[in-house]
Amino acid sequence: ATELVIATVNNGHMIEMQKLSKHFEEANPDIKLKWVTLEEGVLRQRVTTDVATKGGQFDIMTIGMYETPIWGKKGWLKELKFDDSYKVDDLLPAMRDGLSSEGKLYAAPFYGESSMLMYRADLVKDAGMEMPSNPTWDHVAQVAAKIHNPDKGVYGICLRGKPGWGDNMAFLTTLVNTYGGQWFNMEWKPQLETQPWKDAISFYVDLLTKYGPPGSANNSFNEILALYNEGKCGMWIDATIAASFISDPKQSKVADKVAFAQAPTKVTPKGANWLWAWALAIPESSTKSAEAQKFIQWATSTDYINLVGKEVGWGNVPTGTRQSTYDNADFKAAAKFADAELAAIKSANPADSTLEKSPYTGVQFAAIPEFQSIGVSVGQQMSSALAGQVKVEEALKTAQEAADREMRKAGYYK
Amino acid sequence: MAEHTRAGSRWLPRILMTPAVVTLFLWMIVPLVMTIYFSVIRYNLMQPDQTGFVGLMNYEFFMTDPDFWPAVWNTLVLLGSVVLITVFFGLAIALLINDPFPGQGFVRILLISPFFVMPTVNALLWKHMMMNPVYGVLAQIWTFFGLEPVNWLTDYPLFSIIIMVSWQWLPFACLIFMTALQSMDREQLEAAGMDGATYWQKLWYLYMPHMARSISVVIMIEVIFLLSIFAEIYTTTSGGPGNASTNLAFLIFKQAQLSFDVGVASAGALLAVVLANIVAVFLIRMIGKNLD
Amino acid sequence: MQSSPNSSSGKLIIRTVAAWLVALILFFPLLFLAVTAFKTEGQAIAVPSLWVFTPTLENFVEVQARSNYLHFAWNSVVTSVVSTVLGLLIAAPAAYSMAFSPTKRTKDILMWMLSTKMMPAVGALVPIYVIAQTAGLLDTKFALIVVFTMSNLPIMVWMLYSHFKDIPHEILEASRMDGANLWDEFRHVLLPLGMGGLASTGLLCLVLAWNEAFWALNLGSAKAGTLATLVASYSSPEGLFWAKLSAASLMAIAPIIVFGWFSQKQLVQGLTFGAVK
Amino acid sequence: MAFLELKGVEKFYGKLRAIKGVNLAINKGEFIVFVGPSGCGKSTLLRMIAGLETINGGQLMLDGKDITHEPSSKRDLAMVFQSYALYPHMTVEENMSFALRLAKVAPEVIKEKVSKAAEKLNLTSYLERTPKALSGGQRQRVAIGRAIVRQPKVFLFDEPLSNLDAALRGQTRVEIAKLHRELGATTIYVTHDQVEAMTLADRVVVLRDGMIEQVGTPLELYDRPANRFVAQFIGMPQMNVLPVGMFPKAGNVYEVGIRPEHLTIVGANEGQLRGTIELIEALGNETLIHVNLGTAMIIVRQYERTRSQLGEQVGVQFDPAHLHRFDKEGKAILDGNKLAGAAA
Amino acid sequence: MAFLELKGVEKFYGKLRAIKGVNLAINKGEFIVFVGPSGCGKSTLLRMIAGLETINGGQLMLDGKDITHEPSSKRDLAMVFQSYALYPHMTVEENMSFALRLAKVAPEVIKEKVSKAAEKLNLTSYLERTPKALSGGQRQRVAIGRAIVRQPKVFLFDEPLSNLDAALRGQTRVEIAKLHRELGATTIYVTHDQVEAMTLADRVVVLRDGMIEQVGTPLELYDRPANRFVAQFIGMPQMNVLPVGMFPKAGNVYEVGIRPEHLTIVGANEGQLRGTIELIEALGNETLIHVNLGTAMIIVRQYERTRSQLGEQVGVQFDPAHLHRFDKEGKAILDGNKLAGAAA
Ligand SMILES: Nc1ncnc2c1ncn2[C@@H]1O[C@H](COP(=O)(O)OP(=O)(O)OP(=O)(O)O)[C@@H](O)[C@H]1O
Ligand SMILES: Nc1ncnc2c1ncn2[C@@H]1O[C@H](COP(=O)(O)OP(=O)(O)OP(=O)(O)O)[C@@H](O)[C@H]1O
Ligand SMILES: [Mg+2]
Ligand SMILES: [Mg+2]
């Protein structure tokens, strides 16, 4: 039998797939699946090393919206061509675009997400406030001030602060976007010292310092999720996937009190909420691409979504990939965040997410190889500013220098 | 040191050493040569098409990183503190449990257990369950005593890392000291007692010299390991806030696994080797004579 | 071994209490981890921490369902045990030779050995990866064994050297006079007297190999993945994970802890009292 | 009043009763020598006095104070260990000066004391060496040096001269005697050497199997041993003890003993006993002749070289005044006219 | 041809030349005793023969084969270490049987040999103990036992009896002599005990400072020492050596020596020398009288108790035939009529 080695990320949906893949193996007895499940950061390092050195360890890789266009362009991934039964057009256009390069699809989305505002309806109501479905940051700040009550163990707003391009910078990029900023101008010059950045970061630092929980500088998705489920956060802007966790009474003490809104905006709605997908791709070095493609087709198909719905429950299906999912009544009944999520995803456009024109794709990142380390360096400065160790201006200045160094080294300009 | 060579077997010691020396040599030389080579060329995994000899540019790039000197400093602080903490407390604990008492064996197990924890788990354990300012155990203790919980990772990032790493390496020191203490000669202690030595004087004049070799070994081994600590940092603070907890290894990690710039990472690695050598030479001056 | 007359029972009590206290404090985080493994995710993050609750095995079930624990455990056992044994086999003779037949260069060699560990692993990743790939050893236990053995070797030599030095040289001489060849000498004298050193060295290297995550992740994953890679698949996924991570971690370290418990008696160095005057 | 007093002192090693209720009173400034067969408990007793072994029964009094449970560091004693117990990482000088340094004695004083002691012990040229680069005898001397630089209340010596050559042993013995005279410190000295015991001791304590057999001045023990054990233990070669059958019977006498020097080889038909020569040991100044009496062996000591041959038939003569008489239990039977030593 | 031959053997400890070119031929079955002052290199020489120390110069031949670089495990020697070097983790029995077990001797044979040796050494009741629970003398006996259970080509004993009591020492000495007779194994024996040296040795080797001073039979050394050093080293108490000024001058004689037993205390106006009694040591069978001659001290040995008093003026008498004469370098001047010992 052919053995397929699949590298995946350890998110819930992937793990579910791993469990359900026995159905695939039953249907294809000549294919055996071997799983390598890793945490996001490790997975990224791992597959990058492999794909770049043509190591050939994996036949299928789970990669994100960041890597796909870069690698596809370099010819490191096999183009995916599905037969009609796959219904390529059912894929949400934002997803398809984000996973393509020059019109060729290099990875099939397994699940997608955007970001949105999750808040405690009870607290907002008690404070005598309201939350529109498209709030502004100014409004959010007011609400935060009202519901902030640390003596009772409730903090007005929880936001990411841990340094990392996928951590605090994912959120901060959307904030900067909506403030009208961007990472690079058309000459690839980093724009970190521009006014939108200054305003956005100052606002962020101010907001979290006043109404955030202690230790924000080390919080990322998981930390905040824990806080939120314990009822310690009044509001939270983060990945839509969180919605299913915080409204799950098994995990969350406040499951019945959560409500959803679109990510807040400031000067422009562009890029205010991010777009991300975990997708399956086949490295060029794989010798079993036919079988691999077969599996990908199975895993990202509507049938698979239905299978999950039947076997595990409609509240747990991988979302954000296909229009048909959101048209499904079973799903809609099970997921009260469905509408908000779809709206968020639809409103995101990786190709045009900044007020000024940008040379890069990606909403909460810039899809260039240098971005990872720039993201970490900048993220460190932002967390430093958040921790009150340096002023926002200084942090941005240092960040700008770091970004400039990287870009210069990479030869974007002299 | 006098020669105690087994007469008539001048070759035997060398033969016995050969496997270790040869394998280690191969293990060292091949990657080293490759690393040196990589460090002078342009080599980014993400841009395999861009190649060519660049001289010392990678070194320059690595060293002109504004985080470079702070990272060197942090590396040394981390190293020094953890070594001091583990050696001091390791000795104290080893001495404490050296003589028999009820449950000695069990206590010994409890004490060495933290070493069995994987570095990432260690980091997560401390970050989430111990040091989190909202729901961490330490925060609960602080609150219990009516104190404002400390915001460990934000306010004292490097110190927090030092605590985690020390917690992990303390058992190592304990373990080695424990076994070494057992070979302490009882009659020497008795003789010192007769000479009027108090416990502290025995500690200083007899235990310490006896333990000198073990202490040196612990220090050397820890130094080598601690120079390349990054999993704990990556997992907890990602080197931040700012560069407050960035060390050299993390800086290299950034280049190697976030930028995938093998050239710069190689240069950084070689600089780390240089730093390690400086530290080692310095140490061997101080403690080398204890080795025999 | 008789106690000296000045260790009164009062001092013994103080010592006992102090030792237990220190041990429990140091062990507490681990205990917390172990307890958490039996909580639900919700209980795991409750404030104040729960100590009384109905333990659940669901995390363990989940871990097993997600990944074949035994597969990883077996890889861990094979790689760490083989590399430790192999390492001891290579290191013990070298340490013996350096401890009992030192030359002027012994210290330099010791230093040099340690210096082979100075290169940060991340820095050497690509060279090693490329070598392993060229040799077709990616994702094989063999590659991991080689890497673990070689990276632990200097430490083994150092520790064994240090322990061997504590054995009176004359006892070895006596055995030679009794006609012991190298093997006899090792088997009958060095092994029993150096047991503590050998055991603690072995245990340490076993643990280091067992916990080694970097190379385990990068050189072995599907077929040769060790428990360290299993744990890596539980740290920070999206969603609450602490109880599951605890369970996975507990399962990952349990074998080695159990082994450590059983071997702790061996950690007692052979006492050399009364051997020489 | 006794300076150091052992009252019914007991020691158990597990079940083994190593010291069986020893009573001994030692006066201030006295020089006491412990002798006894190997393994009889001399070191144990010394170590108990030193506070290195717990006392399992009885009491130990120093200067009127009960020190049974006093730690050794507070007893102010100096001890030479049978196994030396040198500090391996210290030089000879540091070894010897350790106690003084601990006592915060002025460095000049230390230096002087150490160099004086080193001179006495022929160690001057080894002061910078560590013990492992010393010969056995040199190590032993360091152990002695470590004790004699101090001025403690009590000196304890455990076979301190066993590894020294005759000349050095003689010399060191004289030094110890001198030291004792000068400091007047109470001294307890364990030895297997008869000469040391006889020349140094004010009183000799003969131990056997954890119990005291006899206490007395050296010549008392030599001339009037309390029992057969002491008689045979003191004196080298040991006293010949023969069943009384070979001699005219008298009272409850069971065995008689006679020291080798009180026997003389005579012609085959002379003397009270006869036998064949089995072994001749010429020691230079004296000759030991082992004579086989048929039922027993006796040793004859004579201070000239012998002309006798192995296998030769000889007679052995003695003055009955030198006979020691023992009853069935081995106890000596002392009577007025039996004072061998005084008569010699 | 010599069985064991040392040819210009040298040993350096760093810069220290511990053994300075020793030449010695030992015959098969011979019993050689090494004596010499502490630190003179006896143990070192023994250890070189054993193969435990590298030989830095010269050659070592055993049975015609060069074994200078042979490992000790292949030399088939048995050795008693001065520091015992027992296996701390083995019982007495295991310690003693170790070599036999290595040699794969049958268990019954081992058992028998060990129990026989243990009996000889009074160790039978300690067979199950480990060394740490033994007294010093018991440990030493185990060390002896470990050697004597074997039948090696050469026995090496390094001060094997130093920690035994007189009786046991005598007894063990006899056992060693017997063993030597029975096995006929070449034996090298280091001792500080004059009696052992005199009684056991076929030949005695006197070492000093890494060099051989004299080799000869015991009585040869006692009676005709080659030089002043040997004269004073052999014999206890040592030979009195006086500047020749006190005696009638003769040739290139620089000093004369006379053994204590050849001196007699006489009335204050009699004898050749006079002085005051400084110290009297009564050893039981003999008495040593230290007489201060004004310019020198001499020791007189007499085999009776003395009636002299400390401080008494006495004369000292001797037979000039017993005088030893030494030249300026300390070399003995031997002339026809000076054969002191033979005359005694
Ligand atoms: N390891 C060493 N390093 C330096 N010098 C040493 C070493 N071992 C011995 N010596 C020196 O070599 C000389 C000879 O030592 P050795 O042990 O042979 O003496 P010895 O004759 O056995 O004396 P003793 O009768 O005291 O045992 C001594 O002066 C000693 O100090
Ligand atoms: N730790 C111990 N455990 C058990 N028995 C012991 C221990 N130490 C000594 N003994 C036993 O106690 C007895 C007395 O020992 P001790 O050392 O006092 O003898 P000793 O008179 O000094 O003999 P030696 O002259 O041989 O040194 C011996 O029979 C010895 O075997
Ligand atoms: Mg003793
Ligand atoms: Mg010696």
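The questions below concern two ligand sites in this predicted model.

Me: Between which chains does ligand 1 lie, given the residues that surround it?
Reply: The shell around ligand 1 holds 23 residues, and the closest are D:Arg129, D:Ser135, D:Gly137, E:Ser43 and E:Thr44. Helix 4 (136-148) of chain D, along with strand 2 (16-26) and helix 1 (42-50) of chain E, each contribute at least two residues to that shell. The full placement of ligand 1, however, is between chains B, D and E.

Me: How much of the accessible area of ligand 1 does the protein cover?
Reply: Oxygen atoms of ligand 1 have polar partners in the protein, with a side-chain N or O atom of D:Gln138 at 2.7 Å, a backbone N or O atom of E:Gly39 at 2.7 Å, and a polar backbone atom of E:Lys42 at 2.7 Å. Of the 640 Å² of accessible area that ligand 1 has on its own, the part covered by the protein is 92%.

Me: How many residues of each class make up the shell around ligand 1?
Reply: The shell comprises 23 residues in total. Divided by class, these are 8 nonpolar, 11 polar and 4 charged.

Me: Are the residues that coordinate the magnesium ion, D:Ser43 and D:Gln82, buried or exposed?
Reply: The magnesium ion (ligand 3) is coordinated at 1.8 to 2.2 Å by OG of D:Ser43 and OE1 of D:Gln82. These two residues are 39 residues apart, D:Ser43 in helix 1 (residues 42-50) of chain D and D:Gln82 in the loop between strand 6 (77-80) and helix 2 (92-102) of chain D. Because a residue counts as buried under 20% relative accessible area, D:Ser43 at 16% and D:Gln82 at 13% are both buried.

Methods:
Residues are numbered from 1 along each chain as its sequence is written. Chains are lettered from A and ligands numbered from 1 in the order in which they are written. This is a predicted model: local features need pLDDT of at least 70, side-chain atom pairs count only at pLDDT 80 or more; totals for chains, interfaces and linings use all residues. Side-chain values use heavy atoms; hydrogens and water are left out. A residue is near a molecule or strand if one of its heavy atoms lies within 4 Å of it. A polar contact is a pair of N or O atoms within 3.5 Å; within protein, one must be able to donate a hydrogen and the other to accept it, and residues adjacent in sequence count only if both atoms are side-chain atoms. Accessible areas come from the Shrake-Rupley method with a 1.4 Å probe; for residues, only the protein chains shown count as cover. Helices (H or I, at least four residues) and strands (E, at least two) are DSSP runs, numbered from the N terminus. Ala, Val, Leu, Ile, Met, Phe, Trp, Tyr, Cys and Pro count as nonpolar, Asp, Glu, Lys and Arg as charged, and the others, Gly among them, as polar. Donors are N, O and S atoms within 2.8 Å of the metal (3.2 Å for Na, K and Ca); water is not among the atoms, so sites may look incomplete. Buried means under 20% relative accessible area, exposed over 50%, partly exposed in between (1.4 Å probe, protein chains only).
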